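Ready for a few warm-up exercises on a protein you haven't met before? Have a look at what follows, try each task yourself, then read the solution.

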Amino acid sequence: MTQSVLIVGLGLIGSSLASCIKASHPQTILYGWDLHEETKQTALDNQVVDIILPTFEDNAACAEIILLAVPVKTSLLYLEQLSQLSLQQNVLVTDVGSTKMEIMTFAKDQPYDFIGGHPMAGSHKSGIQARDRNLFEKAYYILTPGDNPRLQERVSELEVLLVGTRAKFLTMTAQEHDQITGSLSHFPHVVAALLVNQAQQLNESHPRSKQLAAGGFRDITRIASSDPKMWTDILLSNRPILMSLIRQWQTEMDDIYQWLEEAQGEAIFDFFERARETREQLPIHQKGTIPAFYDVFIDIPDSPGIIGEITSLLGMAALSLINLRILETREEIFGVLQLSFKNEVDQQIGQQLIKENTPYHCWIK
């Protein structure tokens, strides 16, 4: 049976979902919409979608399923607009936003069926040119139908439509979703941004600190490079939970301050010991709330042509890199080349190629 689907927002997530749907349901008619004319033209030229009609209203009227792949606050504007349009009977609307309570509350009384969605996958690149059919593989895809029995029954429609993502679908309440992602994703992004801003203040009085902030500091703050507009939306739509987490953080920081003030070595040791034990129990090879980094580290000598040798080897295997940098190199000693891959499969293949075809020691953290 032919089904019509509209994807609103043809950036990384929207275009990647479109590629997954086309691969698993080639009979589906994919409509697309984006505010950027260049993105719309790219989507048509590369057959990411089949049809883009002149207006959002025209596209929405043709769709049996509407997927909003835009920031949370923008989704709310589209949901308001949809409530005023003449849509297909039994149209099903979903989103991909990082918070769910605000949007579920708004959509509850609208004249269409809405199921919240959140694919917990992302990339360090953005835009339609970065689309990747494998982006969601093995990632968790959260669905929040609410307590309406009819919507709970329609969850399977989305799972069938999105089967090509090869994601792991989970159903939960909006409250549970926002509490978990607030703790494991949203709040860590705040902390990472705060660390970076604090380091910038340090650099004003100690200019050499920027030079020393490479390596481990750069790694633990990588998520601070995320889109500021997107994260402003996320924080504002998850305010109560984040405010609670910040209060809890402040209380615990006060405890650490007191331990330092009183030189309580045992309490400080226990603090780090509990953190170490908890972290070692975390799953290693599973995608979670924050996009994973698939890095390979290589000891390389300070010799001409080494980087070209390695990148040529990977290029012949059709492996794409999303980042490459040298962590340390000085004359007469080995430096460390860090290669960042798009996914775990490419990471594993890349490491194996380097082990088998070069004399250089390489490893994965």
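**Exercise 1. Find the residues with the most contacts inside the largest nonpolar core, and the helix that gives this core its largest share.**

Start with the core itself: in this predicted model, the largest nonpolar core holds 56 residues. Next, look for those with the most contacts inside it, and you get Leu6, Val8, Ile66 and Leu79. Now for the helix: H1, residues 12–24, supplies six residues, the largest share of this core. There's also a second, separate core, with 16 residues, and Val296, Leu313, Leu314 and Leu337 are among them.

**Exercise 2. List what leucine 6 touches, leaving aside its neighbours within four places in sequence.**

Go up the chain step by step. Leucine 6 is in contact with Tyr31, Gly32 and Trp33. Further along, its contacts include Phe56, Asn59, Ala60 and Ala63. Finish the list with Ile65, Ile66 and Leu67.

**Exercise 3. Work out whether strand S1 is enclosed or open, and which way its residues point.**

First, count: S1 covers residues 4–8, and five of the five are buried, so the strand is largely enclosed by the rest of the structure. Second, sort the directions. Ser4, Leu6 and Val8 point one way, while Val5 and Ile7 point the other way. That fits a handy rule: in a regular strand, side chains alternate between the two faces of the sheet. Third, find the partner strand. S1 is joined to S2 (residues 29–33) by five bridges, and the two run parallel. For one pair in detail, take isoleucine 7: its bridge partner in S2 is glycine 32.

**Exercise 4. Decide whether isoleucine 223 is buried or exposed, and say where it sits.**

Place it first: isoleucine 223 lies in the loop between helix H9 (216–220) and helix H10 (228–237). Then check its relative accessible area, which is 14%. The cut-off for buried is under 20%, so isoleucine 223 counts as buried. For a sense of distance, compare it with glycine 308: they're 85 residues apart in sequence and 28 Å apart in space, C-alpha to C-alpha.

**Exercise 5. Sketch the whole chain in a few numbers.**

Begin with the elements: 14 helices and eleven strands. Add the extent, since the C-alpha trace spans about 70 × 55 × 40 Å along its principal axes. Then add burial: 41% of the 365 residues are buried. To finish, take the charges: the mean positions of the 29 positive and 45 negative ones are 2 Å apart.

Notes
Residues numbered from 1 in each chain as written. Predicted model: local features only at pLDDT ≥ 70, side-chain atom pairs only at ≥ 80, totals over all residues. Heavy atoms only, no water. Helix = DSSP H or I, 4+ residues; strand = E, 2+ residues; numbered from the N terminus. Buried < 20%, exposed > 50% of the residue type's maximum accessible area, 1.4 Å probe, protein only. Lys, Arg positive; Asp, Glu negative; His and termini not counted. Charge placed at Lys NZ, Arg CZ, Asp CG, Glu CD. Core = buried A, V, L, I, M, F, W, Y, C linked by side-chain atoms within 4.5 Å. Contact = heavy atoms within 4.5 Å. Pairing = 2+ DSSP bridges.
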